[in-house]
Amino acid sequence: MASRNGEEKVELGFNDVNETKTKKDWILLSLRVVAFFATAAATFVMALNKQTKSLIVGTIGSTPITATLSAKFNQTPAFVFFVIANGNASLHNLVMIALDILGPQYDYKGLRLALIAILDMLTMALASAGDGAATFMSELGRNGNSHARWNKICDKFESYCNRGGGALIASFIGFILLLIIAVMSIAKLLKPNRINHAPSPSP
């Protein structure tokens, strides 16, 4: 009788662990999907961001001289880095989603979880750097810098700046999700297996 009770406790503990693990796996997978869409949106919005406008650059007598100018993301290295960082984050999440679904079949001595945790951290760091660089240039474009005599451009290319701001918002959402995902991946790697600590059946 005691042996049967012990076996039931072990079985119940095993089922509880499996249910908790499945729930956390689905939460992590859902976060990756949302992070993928956020970083992909940031990538495409910034990569397609362009505005062409005719501006008055001078006058001859009473005749204005106009010039057609274009604002593009690839004219600013920080925005190019931003697109690369978010594109990399999108690709990373896409691969991780595939690994979450198919990966357990190809796990080798737990190396899959360690590799995922390392890649999550690297991707988060790269996304953080891209967001920081783009945010600095966006602030400079919107407000300028009177000390360095750099003029703002957002009063002339308002649509360009607004789309860039939208890309930054999407990217920061993706970064926050990447941070949560990285923490969960590390916790998943370091968390001891509760099944090993399940009570053994009494003789």
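**Exercise 1. Work out which helices line the largest cavity of this predicted model, and what kind of residues they bring.**

Step 1. Start with the helices: H1, H3 and H4 each contribute at least two residues to the lining of the largest cavity.

Step 2. Rank the contributions. H3 gives the most, with three residues.

Step 3. Now pick out the residues themselves. The lining consists of Leu-28, Arg-32, Asp-100, Arg-112, Leu-113, Ile-116, Ser-185 and Lys-188.

Step 4. Sort them by class. You should arrive at four charged residues, three nonpolar and one polar.

Step 5. Add the volume: the largest cavity encloses about 50 Å³ of space. The structure holds one cavity of 30 Å³ or more.

**Exercise 2. Describe the fold of the protein chain as a string of elements.**

Step 1. Count the elements: the protein chain has four helices and two strands.

Step 2. Read from the N terminus on, and the order is α-β-β-α-α-α.

Step 3. Finish with burial. Of the 203 residues in the protein chain, 30% are buried.

**Exercise 3. Compare the UniProt annotation "transmembrane region" with the secondary structure of the model.**

Step 1. Take the spans from the record. The unreviewed UniProt entry places this annotation on residues 26–48, 79–99, 111–130 and 167–187.

Step 2. Check residues 26–48. The chain there is 96% helix and 0% strand, with 33 Å between the end C-alpha atoms.

Step 3. Repeat this for residues 79–99. That span is 100% helix and 0% strand, and its end C-alpha atoms lie 30 Å apart.

**Exercise 4. Characterise the second largest pocket.**

Step 1. Note its volume, about 400 Å³.

Step 2. Look towards the centre. Among the 21 lining residues, Phe-79, Met-137, Gly-141, Ile-153 and Tyr-160 are the closest to it.

Step 3. Trace the lining back to its elements. Strand S2 (63–72), helix H3 (111–143) and helix H4 (158–190) each supply at least two residues.

Step 4. Tally the classes: the lining has eleven nonpolar, eight polar and two charged residues.

**Exercise 5. Find the residues with the most contacts in the largest nonpolar core, and say which elements build it.**

Step 1. The core has 15 residues, and those touching the most other members are Met-46, Phe-73, Phe-79, Phe-82, Val-83, Ala-134 and Tyr-160.

Step 2. Assign the elements. Helix H1 (2–47), helix H2 (77–102) and H4 give two or more residues each.

Step 3. Look for the largest share: H4 provides it, with five residues.

Step 4. Link back to the previous exercise. Phe-79 and Tyr-160 belong to this core, and both are also listed with the residues closest to the centre of the second largest pocket.

**Exercise 6. Is Ala-40 buried or exposed, and how far is its C-alpha atom from that of Ala-170?**

Step 1. Locate Ala-40 in helix H1.

Step 2. Apply the cut-off. Its relative accessible area is 12%, and buried means under 20%, so Ala-40 is buried.

Step 3. Turn to the distance. Ala-40 and Ala-170 are 130 residues apart along the chain, while 8.7 Å separates their C-alpha atoms.

**Exercise 7. Find the aromatic pair in the structure and classify its geometry.**

Step 1. A search of the whole structure yields one such pair.

Step 2. The partners are Phe-36 and Phe-37, with ring centres 5.4 Å apart. This lies within the 6.5 Å limit for a pair.

Step 3. The planes meet at 65°, and angles over 60 degrees count as edge-to-face, so that is the class of this pair.

Step 4. Check accessibility too: Phe-37 has a relative accessible area of 55%, so it is exposed.

Key: Residues numbered from 1 in each chain as written. Predicted model: local features only at pLDDT ≥ 70, side-chain atom pairs only at ≥ 80, totals over all residues. Heavy atoms only, no water. Phe/Tyr/Trp six-rings, centres within 6.5 Å; stacked < 30°, edge-to-face > 60°. Buried < 20%, exposed > 50% of the residue type's maximum accessible area, 1.4 Å probe, protein only. 1 Å grid on protein atoms, 1.4 Å probe; cavity = no way out; pocket = protein on both sides within 12 Å on 5 of 7 lines; lining within 4 Å. Points joined across faces, edges and corners; volume = space filled by probe spheres on them. Nonpolar A, V, L, I, M, F, W, Y, C, P; charged D, E, K, R; others polar. UniProt positions renumbered as here; feature names shortened; annotations may be inferred. Core = buried A, V, L, I, M, F, W, Y, C linked by side-chain atoms within 4.5 Å.
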